[in-house]
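Me: Please take a close look at the aromatic rings. How many aromatic pairs does a search of the whole structure find? Then set them in the wider chain.

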Amino acid sequence: MPSHHETRKLPYTAKQMFALVADVGSYPEFLPWVIATRIKSDSETEMVADMVVGFNQLRERFTSRVSKVPGKEIRVEYLDGPLKNLENDWQFRSVSDGCEVDFYVSFSFHNRFFESLAGQYFDRAFCKMVSAFETRADALYGRSKSSAHNAA
């Protein structure tokens, strides 16, 4: 099962980064391969959303339940779609000059061919997606001196 874990220290507050990640409705504006989202329900602590992802002619829709601990944590539970399994966790910790964002994702496909294909591009794709969140934070909150770094 492909997986990716990354920790980044960013010059934003944990509350700002939580808000950015929790704003699933805006994902098509800045995340590569996210074509559309539909929020089915949303509260302070839970959201159910559909997401359509695609590359070239390939399009897939999946549904997830997003559990939220405001300012601290987001956990994604896979409900329906082409995957066999999906685990996605975000942790947000305040540090003296910003916050640390801990990101983990793993998934498996029902189709072994798709899983094999995804495994070849997985790390690069998720590094690109994590970077897209950082670029979005820069656009929304401004960029102070570059203090971002990887600590996987």
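Reply: The search of the whole structure finds 9 aromatic pairs. Rings of Phe, Tyr and Trp (for Trp, the six-membered ring) pair if their centres lie within 6.5 Å; planes under 30 degrees apart are stacked, over 60 edge-to-face, and the rest tilted. This is a predicted model, so local features need pLDDT of at least 70 and side-chain atom pairs need 80 or more, while totals for chains, interfaces and linings use all residues. Residues are numbered from 1 along each chain as its sequence is written, and side-chain values use heavy atoms, without hydrogens or water.

Start with Y12 and Y141. Their ring centres are 5.8 Å apart, and their planes meet at 55 degrees, a tilted pair. Y12 sits in the loop between β1 and α1, and Y141 in helix α3, so this pair ties together parts that are 129 residues apart in sequence. Helices (H or I, at least four residues) and strands (E, at least two) are DSSP runs, numbered from the N terminus. The two rings differ in setting. Y12 is buried at 3% relative accessible area, whereas Y141, at 30%, is partly exposed. Buried means under 20%, exposed over 50%, and partly exposed in between (1.4 Å probe, protein chains only).

Next come F62 and Y78. Here the centres are 6.4 Å apart and the planes at 45 degrees, so this pair is tilted too. F62 is in strand β4 (residues 58-69) and Y78 in strand β5 (residues 73-80), 16 residues apart, and the pair links distant parts of the chain. F62 and Y78 are both buried.

Ring pairs also build a cluster. Its members are F18, Y27, F30, W90, F92, F103 and F133.

Three of those names come up again at the largest cavity. W90, F103 and F133 are among its lining residues, together with R8, L10, M17, V101, V130 and E134. Two or more lining residues come from each of β1 (3-10), β7 (98-109) and α3 (112-141). Helix α3 gives the largest share, 3 residues. By type, the lining has 7 nonpolar residues, no polar ones and 2 charged. Nonpolar covers Ala, Val, Leu, Ile, Met, Phe, Trp, Tyr, Cys and Pro; charged covers Asp, Glu, Lys and Arg; the others, Gly among them, are polar. The structure holds 1 cavity of 30 Å³ or more, and the space in the largest cavity is about 70 Å³. A cavity is a set of points, on a 1 Å grid over the protein atoms alone, where a 1.4 Å probe fits but cannot get out; lining residues have an atom within 4 Å of a point. Points are joined across faces, edges and corners, and the volume is the space filled by probe spheres set on them.

M51 leads back to two of the rings. Y27 and F62 are among its contacts beyond four places in sequence, and the others are V24, V34, A36, T37, E60 and R61. Contact means heavy atoms within 4.5 Å. M51 lies in strand β3 (residues 46-55) and is buried at 14% relative accessibility. M51 and P28 are 23 residues apart in sequence, yet 9.2 Å apart in space, C-alpha to C-alpha.

W33 deserves a look for its backbone. Its phi is near 75 degrees, a positive value in a residue other than glycine. Most residues other than glycine have a negative phi. W33 lies in the loop between α2 (27-30) and β2 (34-42) and is partly exposed at 29% relative accessible area.

Now the wider chain. It has 3 helices and 7 strands, in the order β-α-α-β-β-β-β-β-β-α from the N terminus. Of its 152 residues, 43% count as buried. One buried residue is H4, at 8% relative accessible area, in strand β1. H4 and C127 are 123 residues apart in sequence and 8.5 Å apart in space, C-alpha to C-alpha.

Last, confidence. Mean pLDDT (the predictor's confidence in each residue, from 0 to 100) is 86 for the chain, and 84% of residues reach 70 or more. Among the elements, helix α1 (residues 14-22) has the highest mean, 97, and α3 the lowest, 78. Over residues 145-152 pLDDT stays under 50; the model has 16 contacts beyond four places in sequence for this stretch.

Conventions. 1 Å grid on protein atoms, 1.4 Å probe; cavity = no way out; pocket = protein on both sides within 12 Å on 5 of 7 lines; lining within 4 Å.
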